[in-house]
Amino acid sequence: MSQFMDWVLDVAASHPDLEGAFVDADGEWLDVLLADGRAFRFRPSQMIDESKPEETRRSLLNKLLKIGVQQADSAVAEGEGGAGASTPARESSDPGDTGDTNASGDSVELADAEPQDQSARPSLSSVFDAIMGALTSQNPLTAGLGAGPETKEDSLVVGDEDEEEHDGQIRRLPIVRPADYFLPSHDRERDDSMVYIPLTEFIGVGLAEDHPDTIQPLFFSDLAERAIAPELGPLFVDAVEELRQLNFSEGQAGIELGIADLAGARVFWLTSPNNYQSSWFADLDMAQTISDSLVQEYPDSLPLFIPASRTSFFAVMADDPRLPKLMEKLRGHENDDDALYPLPHTVASDGWKEWIPMSDHPASKVLEELRTTYRKRMYDCQAKEIAAWEGAQLELKPYSVHRLRSGRCVSNCQYSTRDQSASLPQTDFITFVRKGTGLPWDEDEGETVTIRFHVARDVWPDGFQKAEGVWPPRWDVTGFPTPDQLEELQEAANRNF
């Protein structure tokens, strides 16, 4: 028996709720037979980080034991050595369990998920085992005004026992939202600001207090009132740890992963905890573990994670032939209060990356429409807020969406000789417009050059400077390309269009 399990047995033996119980260790498993005949078991090594201080480990183990006692079923009645044994997560059979809901309470198209035939599913025991193991990992996060509390769709029961377990403290959890959710304030010293960290160029994670009926986002003024040091790295690490433990307090085995068919595609739903499914986007360790486990089950494919809404976060394999139809299901919800950013992402140890396939991919067309639609919403909100900033001087160029003759959607912004300086959103293309003087004797009508935005920055690097203190990203442009530079841009456009 390992030293860790010896320590677990010692702690369990002194737990007040286990008086008269039979406690034993079976490898990594801790088996508990209570005096009243109920039983439960779990693997402490997959729920407790052995490297943490003893006091921290003891506190978490005591909580897990208390939860085990509360959730234990009768071993005699079940006849299986304790129904509290760790089991795979439930597979969604009720589409409403994982479907999104809009502000009016009407079910949206995500709720069309149909349960998949049990016999057609692969065994996912290794997936669930690996996910449970991720609970020992440490999240690597080190790194707007008017947003009030959100009504919870399925209120968690936060009773006396929950308060006691947290020493009277309300849970502080991560909330993952689109960029425009956090935008309305930018200067916490002057206007106050919501506490958040960007996770991608269009998705961020904030902090919120979990109340029985609402999710209350936290501002820096809230931290000051509570005398909490505004050190974002530790705050978000602690919040992710709280997220991991939230399922335990609800009697769940760590994290639930359900399988369903949506538009014919096999999707893997993160189905818990209630109201915080998308919050797992802030837990890179957990997401990486799920990704690695899915790759083991499907070795020739790439897992894609789709943060569709606050309560709809799921994975799908990139080679699924029904992926285009699945993405079609996500269209038309950009104005839903619960909408997040339903574009596929891949996960790595250094963060998330949006998955953008080649233009001939069957899903490319619908992904372009989703991408430009959601980004336009965020940039429109950003431009409105920046325009209200005190001292804002640069002209804010809009994020425009154009549908090409082929039916594809692209984003574009314009910059002309009459601007000389402006703030530009990060778009697919930029159009440089050299205008003539317009005088009667001047026959020069000018010219335009449309080029991919990132190529323009490479060809004319002196003209672009990434704007500071704004998110999503914007670029400040000063001056205008010389005739030679404009010709060089045109040549690059012909090569890269």
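Biologist: Is glutamate 354 buried or exposed?

Modeller: Bear in mind that this is a predicted model: local features need pLDDT of at least 70, side-chain atom pairs count only at pLDDT 80 or more, and totals for chains, interfaces and linings use all residues. Residues are numbered from 1 along each chain as its sequence is written, and side-chain values use heavy atoms, with hydrogens and water left out. Buried means under 20% relative accessible area, exposed over 50% and partly exposed in between (1.4 Å probe, protein chains only). Glutamate 354 has a relative accessible area of 16%, so that makes it buried.

Biologist: Which side chain meets glutamate 354 in a salt bridge?

Modeller: A salt bridge here is a side-chain nitrogen of Lys or Arg within 4 Å of a carboxyl oxygen of Asp or Glu. For glutamate 354, the N to O distance is 2.8 Å, and the partner is arginine 371.

Biologist: Where do the two sit along the chain, and how many residues apart are they?

Modeller: Helices (H or I, at least four residues) and strands (E, at least two) are DSSP runs, numbered from the N terminus. Arginine 371 is in helix H12 (residues 364-387) and glutamate 354 in strand S15 (residues 351-354). The pair links distant parts of the chain, 17 residues apart.

Biologist: And what about arginine 38, which residue does that one bridge to?

Modeller: Arginine 38 is partly exposed at 23% relative accessible area, while its partner is exposed at 54%. The closest N and O atoms are 2.9 Å apart, and that partner is aspartate 36.

Biologist: How many salt bridges does a search of the whole structure find?

Modeller: Some are linked in a network, which joins Glu328, Arg331, Glu369 and Arg403. Over the whole structure, the search finds 20.
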